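Biologist: Could you take a close look at one spot in this chain for me, then walk me through the rest from there?

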Amino acid sequence: MSKAGPSFTCTACGASHRKWQGRCEACGAWNSIIEEAPLSAGPKALGGRGKAMALSDLSGTEAPPPRAGSGMEELDRVLGGGLVPASAILVGGDPGIGKSTLLLQAVASFARKGLPCLYISGEEASAQVRMRAQRLGLADAPVRLGAETNLRDILTTLDAERPALAVIDSIQTMWLDTVEAAPGSVSQVRAAAHELVTFAKRRGVAVILVGHVTKEGQIAGPRVVEHMVDTVLYFEGERGHQFRILRAVKNRFGPADEIGVFEMTGGGLREVTNPSALFLSERGQSTPGSAVFAGIEGTRPVLTEIQALVAPSPLGTPRRTVVGLDSGRLSTILAVLEARCGIPFAGLDVFLNVAGGMRVTEPAADLAVAAALLSAREDVAIPAETVLFGEISLSGALRPVGQTENRLKEAAKLGFSQAIAPSRSRLAEVEGMTVREMPDLTAFTGEIFGAG
Ligand code: TYD
Ligand code: MG
């Protein structure tokens, strides 16, 4: 028997707690727990008999879902090859990062391809959206536009219009009159998302929900609805940087980890079809502290520059500042360099950065990170025509990584001629590339920097 009392919910991750506390144990967020009224209509006891379900077995062939392409290649690829009918997609991101711009451009592209599309804004008046569309040169696209926050009216409209795609901008502004909570609260956001996702499945309308990432406070974040949708995309970028990355973190209809790269310009988002060239564009002559990592993002190779700065620290506990990489990974690599290669970083401030606002999550970046750190510490530049990849184990050995051929080909395409890779990598011959294989970090430091 569950007691119907007040419940406490984390607005960041949606976890429920029995009592209020300052910090959510589930996600670690501070000050994110609020009290919510219990749901009025709980499930009744399952006294009656239900209907027997129709069951099937696992055999049989199913055609892959038909997909609609938008013509925006970066978007279509992140979706797994286009939009799947009746799918529910969440696009999360910081306020002001460009979600509304991206989705207005996306619906316009889908609509121009003949897909009936509806764009519903709960944040801006129709006139504002029209002004933006004009500025983006999309005014002629056959998109139906509405400004509304009442979900009952929205669902009625969707039911009458039956578009193939509806964009809801944003889920945090939507409210249901059946839920007694403020718009933006966890229960409203959850209930609204549930209604929209069920509607999508039942009526065959694909929906894209926009969700603002919230730092704290009374507004529920997009994580609260992640589990309800088929696809979760995050739109990321550094403030003051023009690059934007659309990243699939969950996709029932395609690979996760796929990225699409865009550039924010005065005329909206421009697709970046060759991100490697873009990420390396700020790179001048080879300077100490810079290493080029030949990475893979989803199905595509992407080269990024890892930059390190190492300087004597005035502090008792030296600084470790990381942008675009996991800070735990940096600590591990520093520890391996110290313990296995005898190269200490104690008493030194370390700053590490991935150029261009990119975020690198692959362990294959370890070797490039170590190279940038050593290059900065020894003040020796890594030869400009060199890329690196390889995972570092705690023993200091270099572990081979996958997709070496793609990495090498991309490097060759961008004018690199040498790669440093772990021994036993299954390497393909790539024209114009010579590969130096290293068994471990000690061999690497000895050969490249004469250190260790
Ligand atoms: P917006 O799409 O409104 O962000 P979100 O919906 O994620 O909150 O984008 C807002 C920012 O984008 C705003 O600061 C201005 C900038 N922007 C451009 O630089 N160029 C453009 O063409 C547009 C439409 C917006
Ligand atoms: Mg917006």
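How does Gly415 count, as buried or exposed, and at what relative accessibility?

Modeller: Exposed: Gly415 comes out at 56% relative accessibility. The cut-offs are under 20% relative accessible area for buried and over 50% for exposed, with partly exposed in between, using a 1.4 Å probe on protein chains only. Gly415 is found in the loop between helix H9 (404–413) and strand E20 (418–422). Helices (H or I, at least four residues) and strands (E, at least two) are DSSP runs numbered from the N terminus. From C-alpha to C-alpha, Gly415 is 56 Å from Leu176, with their positions 239 residues apart in sequence.

A word on the ground rules. Residues count from 1 along each chain as its sequence is written, while chains are lettered from A and ligands numbered from 1 in the order in which they are written. This is a predicted model, where local features need pLDDT of at least 70 and side-chain atom pairs pLDDT 80 or more, though totals for chains, interfaces and linings use all residues, and side-chain values rest on heavy atoms, without hydrogens or water.

For a contrast with that loop, try Val224, in the loop between E8 and E9. Val224 is buried, at 1% relative accessible area. Beyond its neighbours within four places in sequence, Val224 touches Thr11, Ala12, Cys13, Gly14, Val186 and Arg190; contact here means heavy atoms within 4.5 Å. Ile259 is 35 residues away along the chain, and its C-alpha is 22 Å from that of Val224.

Now zoom out. The protein chain has 10 helices and 21 strands, and its C-alpha trace spans about 75 × 50 × 50 Å along the principal axes. Of its 452 residues, 50% count as buried. Among contacts with a separation of 6 or more, 66% come from residues 24 or more positions apart.

E8 and E9, the strands flanking the Val224 loop, belong to an open sheet of 9 strands, ordered E6-E5-E7-E8-E4-E9-E10-E11-E12, with mixed pairing. Two strands pair if DSSP finds at least two bridges between them. E6 (143–147) and E12 (268–271) stand at the edges with a single partner strand each, so one side of each has no neighbour in the sheet. From one strand to the next, the twist averages 25°. Inside the sheet, E4 (residues 88–93) and E8 (residues 206–212) run parallel, joined by 6 bridges; Ile89 has Ile208 in E8 as its bridge partner.

Some helices lie across this sheet. H3 (residues 126–135) crosses E5 (117–121) and E6, at about 140° to E6. H4 (residues 151–161) lies across E5, E6 and E7 (165–169), at about 170° to E5. Those angles run from 0 to 180 degrees between N-to-C directions, with axes as lines fitted to C-alpha atoms, for helices over the stretch in contact. H3 also packs against H2 (residues 99–112) at about 70°, their axes 11 Å apart, and the two are therefore roughly perpendicular. For that wording, under 35 degrees is roughly parallel, over 145 roughly antiparallel, 65 to 115 roughly perpendicular and the rest oblique. At this packing, Ser100, Thr101 and Leu104 of H2 meet Val129, Arg132 and Ala133 of H3.

Back to E9, this time for its aromatics. The whole structure holds 2 aromatic pairs; rings of Phe, Tyr and Trp (its six-membered ring) pair with centres within 6.5 Å, and planes under 30 degrees apart are stacked, over 60 edge-to-face and the rest tilted. Phe235 and Phe262 have ring centres 6.1 Å apart and planes at 75°, so they are edge-to-face. They sit 27 residues apart, Phe235 in E9 (residues 231–236) and Phe262 in E11 (residues 259–265). Phe235 is buried at 2% relative accessible area, and Phe262 is buried at 0%. Phe243 and Phe279 are edge-to-face too, given centres 6.0 Å apart and planes at 90°. That pair joins E10 (residues 243–251) to helix H6 (residues 275–279), 36 residues apart, and both of its members are buried.

Finally, two arginines. The charged end of Arg377 sits over the ring of Phe345, 5.6 Å from its centre, and that of Arg407 sits over the Phe389 ring, also 5.6 Å from the centre. The test is NZ of Lys or CZ of Arg within 6 Å of the ring centre and within 35 degrees of the ring normal.
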